[in-house]
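Work through these exercises with the structure in view. Try each task before reading its solution.

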Amino acid sequence: MRLILAAAFSLAAISAAEATCFRECLATKIQSSSDDDEIRKAAKACRETCEAKTRASMEADGTLASVTDCKPEPLSLTDLRKLRAETASYYVQSNTFIWDFKNPFPDRTLTRVEVTAQNMDLNQIGFTGAGLVPPSGEGAFVIPAFFDGYPAVRFAAKVEKVWACPVKR
């Protein structure tokens, strides 16, 4: 399984036109011998590295202040559907939720995601992940220690809400 994951990330890195900062970073950190803990740590480190680049870019163009001072609001159901339709799907690997994508909204920065899944008793549980996905830019939400139940019901994970801040230029 890890060999398949390493190969998938390597192939993703080859397609640079579609590769995000997160995928390129993760492809360099995961080997076929990487265990689950190493994969979780690599995913978290790559999100932090790419987010630091995003913060620097937003600070340079003057948009970071509007996000820093903002109280994020959940996207409307219509906008959430648009986001899910226009972005790559999330995946769960090594008990880590990973969603790296390009933000389709030119006027909003995405800052947080809420995901539900099921525990071993098949009860709904919620997870929240923070991130910084700039307007029309790329970013990633990573939730380490994400547990999504029995293997037979692992498709029960669902993005419930995404929070955003309007960006003032």
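**Exercise 1. Classify Trp99, then find its ring partners.**

The model is predicted. Start with accessibility. Trp99 has a relative accessibility of 0%. Buried means under 20%. Trp99 therefore counts as buried.

Next, look at Phe101. Phe101 is buried too, like Trp99. The total for the structure is 6 aromatic pairs. One of them joins Trp99 and Phe101: the ring centres are 4.4 Å apart and the planes meet at 35°, so this pair is tilted.

Now take Phe141. Its ring centre lies 6.2 Å from that of Trp99, with 45° between the planes, and this pair is tilted as well. Trp99 belongs to strand β3 (residues 96-102) and Phe141 to strand β6 (residues 138-143), so the contact ties together parts 42 residues apart in sequence. Phe141 has a relative accessible area of 0%, so it is buried.

Finish with a group of rings. Tyr90, Phe97, Phe127 and Phe146 make up one aromatic cluster.

**Exercise 2. Lay out the sheet that contains β4.**

Begin with the order. The open sheet has 4 strands, arranged β1-β7-β4-β5, with antiparallel pairing. The edges are β1 (73-74) and β5 (124-133), each paired on one side only.

Step inward to β4, residues 108-118. It pairs with β5 in the antiparallel sense over 8 bridges. Two bridge partners can be checked: Ala117 goes with Ile125 of β5, and Val113 goes with Gly129 of β5.

Then follow the turn. β4 and β5 form a hairpin with 5 residues between them. Leu122 sits in that turn and has a positive phi of about 65°.

Turn to the other neighbour. β4 and β7 also pair in the antiparallel sense, over 8 bridges. Here Glu114 has Lys161 of β7 as its bridge partner.

**Exercise 3. Which helices lie on the sheet, and how enclosed is β4?**

Take helix α3 (residues 36-60). It lies across β4 and β5 and runs at about 45° to β5. Helix α5 (residues 77-86) packs on the sheet as well, touching β4 and β7 (158-166). The direction of α5 makes about 105° with that of β7.

Now count burial along β4. Of its 11 residues, 9 are buried, so the strand is largely enclosed by the rest of the structure.

**Exercise 4. Trace the charged contacts of Arg108.**

First, a general point. Side chains of opposite charge can pair when their charged atoms come close.

Apply that to Arg108 and Asp79. Their side chains meet in a salt bridge, 2.7 Å from N to O. The pair links distant parts of the chain, since Asp79 is in helix α5 and Arg108 in strand β4, 29 residues apart. Both Asp79 and Arg108 are buried.

Add the next partner. Arg108 also meets Asp107 in a salt bridge, at 3.4 Å from N to O. Asp107 has a relative accessible area of 39% and so is partly exposed.

Then check for rings. Arg108 lies over the face of Phe105, 4.2 Å from the ring centre. Elsewhere, the charged end of Arg112 sits over the ring of Trp163, 4.0 Å from its centre.

**Exercise 5. How many salt bridges does the whole structure hold, and where does Arg47 fit in?**

The search of the whole structure finds 7. One involves Arg47 and Glu51, with the closest N and O atoms 2.5 Å apart. Both residues lie in helix α3, 4 residues apart, or about one turn of the helix. Arg47 and Glu51 are both buried.

**Exercise 6. Is Thr20 buried or exposed, and what does it touch?**

Place it first. Thr20 is in the loop between α1 (2-14) and α2 (21-29). Its relative accessibility is 5%, so Thr20 counts as buried.

Now list its contacts. Leaving out residues up to four places away in sequence, Thr20 touches Asp100, Lys102 and Glu138.

Last, compare sequence with space. Thr20 and Lys102 are 82 residues apart in sequence. Their C-alpha atoms are 8.0 Å apart in space.

Key:
Residues are numbered from 1 along each chain as its sequence is written. This is a predicted model: local features need pLDDT of at least 70, side-chain atom pairs count only at pLDDT 80 or more; totals for chains, interfaces and linings use all residues. Side-chain values use heavy atoms; hydrogens and water are left out. Two strands pair if DSSP finds at least two bridges between them. Contact means heavy atoms within 4.5 Å. Axes are lines fitted to C-alpha atoms, for helices over the stretch in contact, and angles run from 0 to 180 degrees between N-to-C directions. Buried means under 20% relative accessible area, exposed over 50%, partly exposed in between (1.4 Å probe, protein chains only). Rings of Phe, Tyr and Trp (its six-membered ring) pair if their centres lie within 6.5 Å; planes under 30 degrees apart count as stacked, over 60 as edge-to-face and the rest as tilted. A charge sits over a ring if NZ of Lys or CZ of Arg is within 6 Å of the ring centre and within 35 degrees of the ring normal. A salt bridge is a side-chain nitrogen of Lys or Arg within 4 Å of a carboxyl oxygen of Asp or Glu.
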